[in-house]
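The following exercises concern the strand pairing, domain contacts and charged pairs of one protein chain. Each task is followed by a worked solution.

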Amino acid sequence: MRAPAPTPKRTVYTEAMEIFHRAADLIALDKRVRLELEEPDYEHIFYVTAKLKDRLVPLSEEKARTFSNLPETQVRNKEGLELLANGNIILNGRALLGSDVDIRQGHLRLPDGKVYQLVPGESQRFKAYRVQHNQARGPYKGGLRYHREVSLDLFKALAAEMTWKTAIAEVPFGGGKGGIQIDPREYGREEIEAITLRFMYRLKSMIGPDIDIPAPDVGTNPGIMALLYRQYSDGERERHNLRGIVTGKDVRIGGSEGRHKATGQGVAFCIEDYYADRGESVKGKTFIIQGFGNVGSHAANILSQMGARLLAVNDADGTIFNGDGIDVTALSAYVQDPKNLKRSVLGFPGAQRIEKKDLWDVQADILVPAALGGEITADVAERLRVKLVAEGANGPTTPEADRILEKRGIELIPDIIANAGGVTVSYYEWIQNKRMERWSEAEVDQRLERAMKRNYRIIRDISRNQPRKTEMHDSRQYCIGETVDTRCAAMILALKRIEAHYLLEGFSQ
């Protein structure tokens, strides 16, 4: 008697691919195309080493009592001390040179009154990844994430999502994703630079402006992109032709106007079109934001400019609420204040602190999850008191939560359209780099608005089984003869566009 096949292990990737299989079944996706898309083309795991700097680690009050009579060290070069979010201090250059230093058993006291242990810098190894999912429609494209909780399985899910997202956005890219297992807030500027340069050194053979094009993601920013570009292009004869190796750069070195806000802008455009379809306006609506990084902060700013009112915000370090509305401009300034090392909303004087669990009980029109994946669980979905969820993050809603939201009649704008603004403007940046052009922010925004709303309308038509052609869009070839939920509709659009490449181009032998 043959033993039964083992039950497949449920992972982040298999969970993320549930919607793929559901949509593939509905459209009877070609079997060979399905096999091509079920797993990534390439999965790279490698290691990055870097020499860390000396750092001062604060002692607890109890341990510090041992050094109660330790004299205070007078620091003359205070710019050499770099305070980190975890309380450690990096010693840059000759930070203590010329200072009156009194070290006892490797400990010293600084003018802040605290006792610190001097920990010599050592070489450290960091695990790094790059997953290249599919390139049927163009070069691999996807962000680089610096975060402690990353894994191959997570990057597989995120790379696949980029494949769907680029197809939905109608940009000629495929899907990729990668990054480093690190908490960047626990390392100094020069350490992050050294780690990033070494990362690109190891990554260089796998990528290129027409092969695989990274971009910012959680924990990275335009500054990181600048370092990656420098390392990739350094010493090359036609360096200027390589500027498109990364997108999300500063506008002063080939970045695109409007790129930094693009993902949040795309979320806002989708929300605006959602209400326009219902004959309503964003003005006067209330919303809550989960995650106040690049996506969440820009979405909040743009929605508030449209006349919506922010009631509550959560990030990794705290949650705040103000029933009368939160001043988004003031909150953004508070978060970006150099003294706010954690870049957190916690402590903002214009709102009261609440617990994260209470965020889900805030009554509002719109929820924008813009943090990490898996935040909206089944339990959270049961508690939500909103009418619309617009996913700014990648995979913020679990499959179980999806079913509960649908059962409760809470509308959804799925991530693969809602947050596609970032990759869309990344494509505009890539084109500008290729052509040596510079587009205005107004031109970028105009192109982005049309792209986001056109494709979102096709998804709505697929969901409603309402094939039609308008001046803006044509959904006739994508509707499948029955109604489906919006997440499934978005995946149907992506798969039909990808499948066309395989069926029309065939397979190489």
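**Exercise 1. Identify the partner of Arg185 in a salt bridge and give the separation of the closest N and O atoms.**

Solution. In this predicted model, Arg185 forms a salt bridge with Asp317, and the closest N and O atoms are 3.1 Å apart. The criterion requires a side-chain nitrogen of Lys or Arg within 4 Å of a carboxyl oxygen of Asp or Glu, and the Arg185–Asp317 separation of 3.1 Å is the value to test against it. Side chains of opposite charge can pair when their charged atoms come close.

**Exercise 2. Place this pair in the domain arrangement, and describe the contact between domain 1 and domain 3.**

Solution.

Step 1. The chain divides into domain 1 (42-47 + 132-253), domain 2 (53-121) and domain 3 (261-419). By these bounds, Arg185 falls in domain 1 and Asp317 in domain 3. The count between domain 1 and domain 3 is one salt bridge.

Step 2. The C-alpha centres of domain 1 and domain 3 are separated by 26 Å. To their contact, domain 1 contributes 11 residues and domain 3 contributes nine residues.

Step 3. About 830 Å² is buried between domain 1 and domain 3, with carbon and sulfur atoms giving 54% of that area. On the side of domain 1, the residues that lose the most area to domain 3 are Glu161, Lys165 and Arg185, which together make up 52% of what that side buries.

Step 4. Three residue pairs are in polar contact across the interface of domain 1 and domain 3. On the domain 1 side, the elements giving two or more residues are β8 and α5 (152-168). Of these, α5 gives the most, with five residues.

**Exercise 3. Derive the strand order of the sheet that contains β8, and locate the helix that lies across β8.**

Solution.

Step 1. Five strands form an open sheet in the order β1-β7-β9-β8-β10, and the pairing is mixed. Its edge strands, β1 (42-51) and β10 (212-216), each pair on one side only. Neighbouring strands are turned by 25° against each other on average, with direction ignored.

Step 2. β1 and β7 are antiparallel partners over 10 bridges, and His44 stands opposite Arg130 in β7.

Step 3. On the next pairing, β7 (residues 123-134) and β9 (residues 175-181) are antiparallel over six bridges. Val131 has Lys177 as its bridge partner in β9, while Asn134 is matched there with Gly175.

Step 4. Helix α6 (residues 189-203) lies across β1, β7, β8 (140-147) and β9, and runs at about 140° to β1.

**Exercise 4. Explain why one side of β3 and of β5 has no neighbour in their sheet.**

Solution.

Step 1. The order of this open five-stranded sheet is β3-β4-β2-β6-β5, with antiparallel pairing.

Step 2. β3 (81-83) and β5 (107-109) stand at the edges with a single partner strand each, so one side of each is left without a neighbour in the sheet. The twist from one strand to the next averages 30°.

Step 3. The partner of β5 is β6 (residues 115-119), paired in the antiparallel sense over three bridges. Within this pairing, His107 has Gln117 in β6 as its bridge partner.

**Exercise 5. Determine which elements are linked by the salt bridge of Glu272 with Lys453.**

Solution. The count for the model comes to 49 salt bridges. In the pair of Glu272 and Lys453, the closest N and O atoms are 2.8 Å apart. Glu272 belongs to helix α8 (residues 262-277) and Lys453 to helix α16 (residues 441-464); the pair links distant parts of the chain, 181 residues apart.

Terms used: Residues numbered from 1 in each chain as written. Predicted model: local features only at pLDDT ≥ 70, side-chain atom pairs only at ≥ 80, totals over all residues. Heavy atoms only, no water. Pairing = 2+ DSSP bridges. Helix = DSSP H or I, 4+ residues; strand = E, 2+ residues; numbered from the N terminus. Axes fitted to C-alpha atoms, helices over the stretch in contact; angles between N-to-C directions. Contact = heavy atoms within 4.5 Å. Domains from an automatic or database assignment. Buried area = accessible area lost by both parts, 1.4 Å probe. Polar contact = N/O pair within 3.5 Å; in protein donor to acceptor, adjacent residues only side chain to side chain.
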